[in-house]
Amino acid sequence: MELITKYFPDLTPQQISRFAALYDLYAEWNARINVVSRKDFDQLYLRHVLHSLAIARVCRFESGARILDVGCGGGFPSVPLAILFPDAQFTAVDSIGKKIKVVEGVTRGAGIDNVRALNMRAEQLGERFDYVVSRAVTDMSTFVGWVWDKIERGRRGTLPAGILYLKGGDLTDELARTRLSWHEYAISDFFDEEFFETKKVVYAKK
């Protein structure tokens with residue numbers, strides 16, 4: 001938890017309580033359904049919670065913003081972002097039903113009421129959103145094909161509507177194949193920990 005308050009010192013007591021609840025809730029659910037690698041579970045706040053919150057360093061979501069998390073796994077990045085932006089609305093989708101059970105269990109346990117978890121593929125959604133977030137679920141060309149038509153032009157945050165994606169390494173060729181204009185933000189510019197040295201948030205405007 002100290003990691004979270006180090007970089008986000010202005011959290012409300014409710015936000016602190018919800019972030020603090022995540023460790024025990026994920027420990028309980030992970031014992032039943034393995035969504036976080038057991039070898040790095042002790043690094044939950046660094047490798048999963050804080051990593052998710054890097055998106056908030058790039059774009060702050062306004063009240064009423066609609067955010068879609070594609071391939072959410074156990075709820076990253078949507079669950080930490082939902083705690084940070086309680087007035088935004090998050091939809092977390094994953095094609096694997098047991099992962100959605102974890103998201104539902106964790107959000108219910110922590111009292112997070114602005115996350116809707118759906119067991120489906122993003123392509124099946126008939127709605128549109130202001131932002132799409134994700135964490136390294138597939139090649140970027142494939143990902144863009146899944147979600148681009150789900151994004152509604154406009155601005156419900158500090159950046160225009162678009163994709164905010166967590167990924168690491170040299171992305172030059174992969175991003176070029178999408179034929180979109182991308183901005184890369186080094187997470188090491190926001191957070192000091194060595195874990196973030198090669199990690200980025202990449203953003204494309206709709």
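A residue counts as buried here when its relative accessible area is under 20%. Keep that cut-off in mind while walking through this structure, which is a predicted model.

Start with Glu 174, which has a relative accessibility of 14% and so falls on the buried side. Its partner is Lys 167, and the two side chains meet in a salt bridge with N and O 2.5 Å apart. Lys 167 is buried too, at 15% relative accessibility.

That pair is part of a bigger tally: the structure holds 12 salt bridges. Another one joins Asp 40 to Arg 47, where the closest N and O atoms are 3.7 Å apart. Here the two ends sit in different classes, because Asp 40 is buried with a relative accessible area of 9%, while Arg 47, at 29%, is partly exposed.

Now look at Arg 156 and Asp 130, whose side chains also form a salt bridge, at 3.8 Å from N to O. Arg 156 belongs to the loop between H6 and E5, and Asp 130 to the loop between strand E3 (115-119) and strand E4 (131-135), so this contact ties together parts that are 26 residues apart in sequence. Asp 130 is buried, with just 4% relative accessibility, whereas Arg 156 is partly exposed at 29%. And the two aren't on their own: a network of salt bridges links Arg 66, Asp 130, Glu 152 and Arg 156.

Stay in the neighbourhood of the sequence and check Arg 155. This residue is in the loop between helix H6 (140-147) and strand E5 (162-168), and it is partly exposed, with a relative accessible area of 49%. Rather than a salt bridge, its story is a patch of positive charge on the surface, where Arg 155 gathers with Arg 128, Arg 153 and Lys 205.

Two backbone details round off the tour. What kind of peptide bond joins Phe 76 and Pro 77? A cis one, with omega at about 15 degrees. You'll find Pro 77 in the loop between strand E1 (66-70) and helix H4 (78-84).

The other detail is Arg 179, whose phi is near 65 degrees, a positive value in a residue that isn't glycine. Arg 179 is in the loop between helix H7 (172-176) and strand E6 (182-186). Is this arginine buried or exposed? With a relative accessible area of 78%, Arg 179 is exposed.

Conventions:
Residues are numbered from 1 along each chain as its sequence is written. This is a predicted model: local features need pLDDT of at least 70, side-chain atom pairs count only at pLDDT 80 or more; totals for chains, interfaces and linings use all residues. Side-chain values use heavy atoms; hydrogens and water are left out. Patches are made of residues with over 30% relative accessible area and no salt bridge: like charges are joined within 9 Å, nonpolar side chains (Val, Leu, Ile, Met, Phe, Trp, Tyr) within 5 Å. Accessible areas come from the Shrake-Rupley method with a 1.4 Å probe; for residues, only the protein chains shown count as cover. A salt bridge is a side-chain nitrogen of Lys or Arg within 4 Å of a carboxyl oxygen of Asp or Glu. Lys and Arg count as positive and Asp and Glu as negative; His and the chain ends are not counted. The place of a charge is taken as NZ of Lys, CZ of Arg, CG of Asp or CD of Glu. Helices (H or I, at least four residues) and strands (E, at least two) are DSSP runs, numbered from the N terminus. Buried means under 20% relative accessible area, exposed over 50%, partly exposed in between (1.4 Å probe, protein chains only).
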